[in-house]
Amino acid sequence: YKMASLEGIQSKTQEIRDLTRMERTGAQSHIRGLGLDDSLEPRKISQGMVGQIEARRAAGIIMKMITQGKIAGRAILIGGQPGTGKTAIALGMAKSLGEDVPFTMLAGSEIFSLEMSKTEALIQAFRKSIGVRIREEAEIIEGEVLEIEIDKSVQSGAKSGKITLKTTDMEAIYDLGQKMIESIQKEKIQAGDIITIDKASGKISKLGRSIARSGDYDTVGSSSRFVQCPEGELHKRKEVVHTVTLHEVDVINSRTQGFMALFAGDIGEIKQEVR
């Protein structure tokens, strides 16, 4: 066994992601894609989509053109009566392109209620919908969770704990601080999950369930993803991809406090020279 401490490696990065990735829960919150098969034919009921067969088939063609880079710089106008699924199809396209593809929902009434010009409100909405992928090499801890122990102090209420991770070649126990425990509880991580921990930011990502746990029917759902237990050392250097929107970059550049400006919420108008 190896003993190590993760106390102190948690930074504000994950908290920023928590704030900037909040999504309203609405009628389309259950949609996970367009519900198409490999030949782009719509399934009757799939990925939260029902009906609008022809529209979904057409959206699938557009989606394929996007992935092939044949429709860059162009817009898509979806017309129809209220309640016919226009927003659902747009959201389904974004989900099909990838979970990190930004999607911004904007009602006409919001533009008039914001304390900024209509032009600025539309510019910010567009830039919230454009994502930039940043690639970097990071030090991570990757392994299968064997056990999580969390204790709570009776006097202070402070939490502490340990997590046991393993690969096919080794096993180690790590001490958990308050922030790490909160992240584990938020991600609902349990024994049998394959996770990664970014040592610089403390961000925890769940990659899926271990294939060895595929028989635990009581702890998995229909959408569970099974992955192999990692090999080699627990500590690795790996290329990590972060997705940020152009609006987030604008916010950081427009405030003297840098990335902490993302905590400020409504930031008002952004000067053109910043963009």
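**Reading salt bridges, a pocket and a few loops**

Modeller: Start with this pair: R237 and E139 make a salt bridge, and their closest N and O atoms are 3.0 Å apart. Keep in mind that this is a predicted model.

Colleague: Okay, but why do two side chains pair up like that?

Modeller: The general idea is that side chains of opposite charge can pair when their charged atoms come close. Here, the test is a Lys or Arg side-chain nitrogen within 4 Å of a carboxyl oxygen of Asp or Glu. R237 and E139 pass, with 3.0 Å between the closest N and O atoms.

Colleague: Which strands do R237 and E139 lie in?

Modeller: R237 is in strand β10 (residues 235–245) and E139 is in strand β4, so this pair ties together parts that are 98 residues apart in sequence.

Colleague: What else does E139 meet in a salt bridge?

Modeller: The side chain of K199, at 3.8 Å from N to O. K199 sits in the loop between β7 (193–198) and β8 (204–210), while E139 is in strand β4, 60 residues apart. Zoom out a little and you find a network of salt bridges that links E137, E139, K199 and R237.

Colleague: How many salt bridges does the count come to?

Modeller: It comes to 13. Another one joins E142 and K238, with the closest N and O atoms 3.5 Å apart. This pair also links distant parts of the chain: E142 is in strand β4 and K238 in strand β10, 96 residues apart.

Colleague: Is E142 buried or exposed?

Modeller: Look at the relative accessible area: under 20% means buried, over 50% means exposed, and in between is partly exposed. E142 has 9%, so E142 is buried. Its partner K238 has 36%, so K238 counts as partly exposed. Back at the other bridges, E139 is partly exposed because its value is 39%, and K199 is partly exposed at 31%.

Colleague: Now the backbone. Which sign of phi do most residues other than glycine have?

Modeller: Most of them have a negative phi. So look out for positive values. Phi of Q52 is near 50°, and Q52 is in the loop between β3 (49–50) and α2. Phi of K188 is near 55°, and K188 is in the loop between α6 (178–187) and β7.

Colleague: Is K188 buried or exposed?

Modeller: K188 is exposed, because its relative accessibility is 63%. Q52 is partly exposed, since its value is 38%.

Colleague: Which residues form a nonpolar patch on the surface?

Modeller: I66, I76 and I78 do, with about 220 Å² of accessible area together. I78 is in the loop between α2 (53–67) and α3 (86–97), and its 33% relative accessibility makes it partly exposed.

Colleague: Last one: how much space lies in the second largest pocket?

Modeller: About 1,500 Å³. It is lined by 31 residues, and A90, P102, F103, T104 and S129 are the closest to its centre. By class, the lining has 21 nonpolar, six polar and four charged residues.

Colleague: Which element gives the largest share of that lining?

Modeller: Helix α3, with six residues. α3, α5 (118–128) and β4 (131–152) each give at least two.

Key
Residues numbered from 1 in each chain as written. Predicted model: local features only at pLDDT ≥ 70, side-chain atom pairs only at ≥ 80, totals over all residues. Heavy atoms only, no water. Patch = residues over 30% accessible without salt bridge, like charges linked within 9 Å, V, L, I, M, F, W, Y side chains within 5 Å. Areas by Shrake-Rupley, 256 points an atom, 1.4 Å probe, with all protein chains shown as cover. Helix = DSSP H or I, 4+ residues; strand = E, 2+ residues; numbered from the N terminus. Buried < 20%, exposed > 50% of the residue type's maximum accessible area, 1.4 Å probe, protein only. 1 Å grid on protein atoms, 1.4 Å probe; cavity = no way out; pocket = protein on both sides within 12 Å on 5 of 7 lines; lining within 4 Å. Points joined across faces, edges and corners; volume = space filled by probe spheres on them. Nonpolar A, V, L, I, M, F, W, Y, C, P; charged D, E, K, R; others polar.
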